[in-house]
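Welcome, and thanks for taking a look at this one. Below is a short briefing to read with the structure open beside you.

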Amino acid sequence: MKVLLLTGLGALFFAYYWADNFDPASLQGARVLLTGASAGVGEELAYHYARLGSHLVLTAHTEAFLQKVNFLSYVQLTSLALPSLTDSKGSLVVVSSLLGRVPTSFSSPYSAAKFALDSFFGSLRRELDVQDVNVAITMCILGLQDRSLAAEGIRGVTRAKTALAVIRGGATRASGVFYPWRFHLLCLIRAWLPRPRAWFIRQELNITTAATA
């Protein structure tokens, strides 16, 4: 029974992540406002959008400033952009982190801000649906490295690949993007298996048990 269940879950995830209706030509001439474009994944996003022929407006900020206004800046920018997005049937692509879905050690302020983002945009998506407003909201869960202060070195993850996953999700108006994909599974089971969850995160960060004691 367990084997059949695992096989079924594996097939489901394979089908979900294999499906790809992303058309790069759809971003030719698209208008993109990109915040945090000076470093990290934001910088990679700027390069990719430029290569795809999008029209970019870029903003940058210091890391210290970002931590003070993280959640409020998202809310304010969204409020200002929403009327225009409603008229153009546009998209909001929100870069978040695994730490906004799965709390872990040594990240309390950062994790709190990311949890707030998830709640705000989840509620906003429901409000837009109720009002029949055609604005897509794509939440991107990018492991632990969406900012330079977060841990880097997640196995198999690069900023370039992460940026492409974000662009693909936004262009197809997906409700969520998990990169690497295995974090989607972790988020689904986190409430059921708390101890394997901690083990999983230690493995991803190459943290030994002694170091976390």
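What follows is a tour by topic, from aromatic rings to sheet, loops and cores.

Please keep in mind that this is a predicted model. It holds 3 aromatic pairs, and one aromatic cluster is formed by Phe71, Tyr74, Phe120 and Phe121. There is also an open sheet of 3 strands with parallel pairing, and the largest nonpolar core has 18 residues.

**Aromatic rings**

- How are the rings of Phe71 and Phe120 arranged? Their planes stand at 85° with the centres 6.1 Å apart, so this pair is edge-to-face.
- Phe71 sits in helix α3 (residues 63–88) and Phe120 in helix α4 (residues 108–130), so the pair links distant parts of the chain, 49 residues apart.
- Phe71 counts as partly exposed, because its relative accessibility of 27% falls between the 20% and 50% limits.
- Phe120 is partly exposed too, at 24% relative accessibility.
- A second edge-to-face pair joins Tyr74 and Phe121, with 6.3 Å from centre to centre and 80° between the planes.
- Because Tyr74 belongs to helix α3 and Phe121 to helix α4, this pair ties together parts that lie 47 residues apart in sequence.
- Are Tyr74 and Phe121 buried or exposed? Both of them are buried.

**The sheet and the helix across it**

- In what order do the strands of the open sheet run? The order is β3-β4-β5.
- Strands β3 (91–96) and β5 (176–178) are the edge strands, and each of them pairs on one side only.
- On average, neighbouring strands of this sheet are turned by 15° against each other, direction ignored.
- The parallel pairing of β3 with strand β4 (residues 136–141) extends over 6 bridges.
- If you would like a landmark on β3 and β4, try Val93, whose bridge partner in β4 is Thr138.
- Helix α4 lies across β3 and β4, and its direction makes an angle of about 155° with β4.

**Two loop residues**

- Ser97 is found in the loop between β3 and α4.
- With a relative accessible area of 0%, Ser97 is under the 20% limit and therefore buried.
- Which backbone atom does the side chain of Ser97 reach? It reaches the backbone nitrogen of Leu99, at 3.0 Å.
- Gln28 is placed in the loop between α1 (2–18) and β1 (31–34).
- Gln28 counts as exposed, because its relative accessibility of 57% is over the 50% limit.
- Leu52 and Gly53 are touched by Gln28, leaving out residues up to four places away in sequence.
- Gln28 and Ser54 are 26 residues apart in sequence, while their C-alpha atoms are 5.2 Å apart in space.

**Nonpolar cores**

- As background, nonpolar side chains tend to be buried together in soluble globular proteins.
- Which residues of the 18-residue core touch the most other members? They are Leu34, Leu45, Tyr49, Leu142 and Ile167.
- At least two residues of this core come from each of β1, α2 (40–51) and α5 (159–171).
- Tyr49 is in contact with Leu27, Val32, Ser54, Leu56 and Ile167, leaving aside its neighbours within four places in sequence.
- Another core, of 13 residues, lies apart from the largest one and includes Leu92, Val94, Phe121 and Val135.
- Phe121 is thus a handy place to pause: this residue of the 13-residue core is also part of the aromatic cluster.

How values were computed. Residues are numbered from 1 along each chain as its sequence is written. This is a predicted model: local features need pLDDT of at least 70, side-chain atom pairs count only at pLDDT 80 or more; totals for chains, interfaces and linings use all residues. Side-chain values use heavy atoms; hydrogens and water are left out. Rings of Phe, Tyr and Trp (its six-membered ring) pair if their centres lie within 6.5 Å; planes under 30 degrees apart count as stacked, over 60 as edge-to-face and the rest as tilted. Helices (H or I, at least four residues) and strands (E, at least two) are DSSP runs, numbered from the N terminus. Buried means under 20% relative accessible area, exposed over 50%, partly exposed in between (1.4 Å probe, protein chains only). Two strands pair if DSSP finds at least two bridges between them. Axes are lines fitted to C-alpha atoms, for helices over the stretch in contact, and angles run from 0 to 180 degrees between N-to-C directions. Contact means heavy atoms within 4.5 Å. A polar contact is a pair of N or O atoms within 3.5 Å; within protein, one must be able to donate a hydrogen and the other to accept it, and residues adjacent in sequence count only if both atoms are side-chain atoms. A nonpolar core is a set of buried Ala, Val, Leu, Ile, Met, Phe, Trp, Tyr and Cys residues joined through side-chain atoms within 4.5 Å.
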